[in-house]
Amino acid sequence: MIQELHDIQAAAGATFAELTTKEIVPVSFGNDAEAIAATKQGVALYDRTHWGRIQISDSDRLRFLHNQSTNNFNILKPGQGCDTVFVTSTARTIDLATAYATEDAVLLLVSPNRRRQLLELLDRYIFPMDRVELTDLTDTTVAFSVLGPESTQLLEKIGVTELENQPYATHKLINFAGMEVRVAVGSGLATPGYTLIAPASDAANLWKELVKAGAVPMGDRVWEQLRIEQGRPAPDFELTDDYNPLEARLLHTITYDKGCYIGQETIARLNTYKGVKQELWGVQLSGAVEPGTAVTIGEEKVGKLTSFTETESGFFGLAYIRTKAGGEGLKVQVGSVSGEVVNVPFLSS
């Protein structure tokens, strides 16, 4: 079923690569500049099928997830959703996920390289009395994101009007051209848009319909560039055992008054005593530099570069910077390259 989708994408100029997690993704459609322009002036279409989709069902599902991650699940009603961070017992980041609550389940959209780890983690915390069931839906579903200022108009063309101006992660199951598609507010980036989740059997048809409605296909390379430019932290780069959600500035994912959950004591202590020693920022760079390079001011190390990309307006990276060193506007050295610390939209929201 996914092969049919890949055939259509290949016919549209897609080149593919295999991730370390074995998923095959369209890296580029040979139209990177056009795709970037579409995210700013029109609408781009990104295939997120390689991301994980985990369903948590049965009557204890909200209480269970409430106890496993940073956001407040107990207040979620069907049709609502939120971003949340899964952390270790010492509040080190594992993944930034998006949750969608339905009538009888919660669907988690998780990073490709964290799906198996999260399945194992969640399974480990289900106790015999818990009425919780985990199902990995990754192979039986697809996920696409449309992003750009014309996203709402594109959805109107396919008959979806109820989600305009709705809060982030609000979602609805619609019937479109004979396909059952869950449409949710939010593109996964700071760019406005929507995320669509559908059965894998409808993958090729849904992709074709979205392109027909005016979406410009966009490969993983452009997504990665936008992710870094906009400041969405990613596992293995910004989300690792070295950092916690406060340092990653994922403040919109943390509910401080929700009670006990894994990592809660550490996060509460850091917040109460202003114990955040470093924070994630964008860095405008004068040249190319490898992730992992130290960020310095004079002889003093003040941080570390975690991601790097080249954009149409120059070189750009994400870095953790010591809070005492400063923030926006700070002039730094990254290896042999000069840089200036800037804010990024994903972490400003």
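**Entry 1: around helix H6**

I started at Gly-214, just after H6, and found that Gly-214 takes a positive phi of about 120 degrees. I note here that the model is predicted.

I then went back into H6 to see which residues are buried, and listed Ala-203, Ala-204, Leu-206, Trp-207 and Leu-210. These residues cover an arc of only 165 degrees around the axis, which puts them on the same side of H6. I wrote down the general rule beside this: an α-helix has 3.6 residues a turn, so residues three or four places apart point the same way.

**Entry 2: Ser-201**

Next I looked up the loop between strand S12 (193–199) and helix H6 (203–212), where Ser-201 lies. Is Ser-201 buried or exposed? I put Ser-201 down as partly exposed, because its relative accessibility is 49%, and the cut-off for exposed is over 50%.

I also checked Ser-201 against Ile-2, which is 199 residues away along the chain. The C-alpha atoms of Ser-201 and Ile-2 are separated by 7.8 Å.

**Entry 3: aromatic pairs**

How many aromatic pairs does the structure hold? I recorded six. One of them is formed by Phe-29 and Trp-207, and I noted this pair as stacked, at 6.0 Å centre to centre with 20 degrees between the planes. Phe-29 lies in the loop between strand S2 (24–28) and helix H2 (32–41), while Trp-207 is in helix H6, so the pair ties together parts that are 178 residues apart in sequence. I found both Phe-29 and Trp-207 buried. Trp-207 also belongs to the buried residues I had listed for H6.

I then turned to Phe-308 and Phe-315, another aromatic pair that is stacked, with 6.0 Å centre to centre and 20 degrees between the planes. Phe-308 counts as partly exposed because its relative accessibility is 22%, and the cut-off for buried is under 20%. I entered Phe-315 as partly exposed too, with a relative accessible area of 23%.

Back at Phe-29 and Trp-207, I asked which residue joins them in one aromatic cluster. I found that Phe-144 does.

**Entry 4: charges over rings**

Last, I looked up arginines placed over aromatic rings. I found the charged end of Arg-227 over the ring of Phe-237, 5.5 Å from the ring centre. I also found the charged end of Arg-249 over the ring of Trp-281, with 4.2 Å to the centre of that ring.

Conventions:
Residues are numbered from 1 along each chain as its sequence is written. This is a predicted model: local features need pLDDT of at least 70, side-chain atom pairs count only at pLDDT 80 or more; totals for chains, interfaces and linings use all residues. Side-chain values use heavy atoms; hydrogens and water are left out. Helices (H or I, at least four residues) and strands (E, at least two) are DSSP runs, numbered from the N terminus. Buried means under 20% relative accessible area, exposed over 50%, partly exposed in between (1.4 Å probe, protein chains only). Rings of Phe, Tyr and Trp (its six-membered ring) pair if their centres lie within 6.5 Å; planes under 30 degrees apart count as stacked, over 60 as edge-to-face and the rest as tilted. A charge sits over a ring if NZ of Lys or CZ of Arg is within 6 Å of the ring centre and within 35 degrees of the ring normal. The arc is that of the directions from the helix axis to the C-beta atoms.
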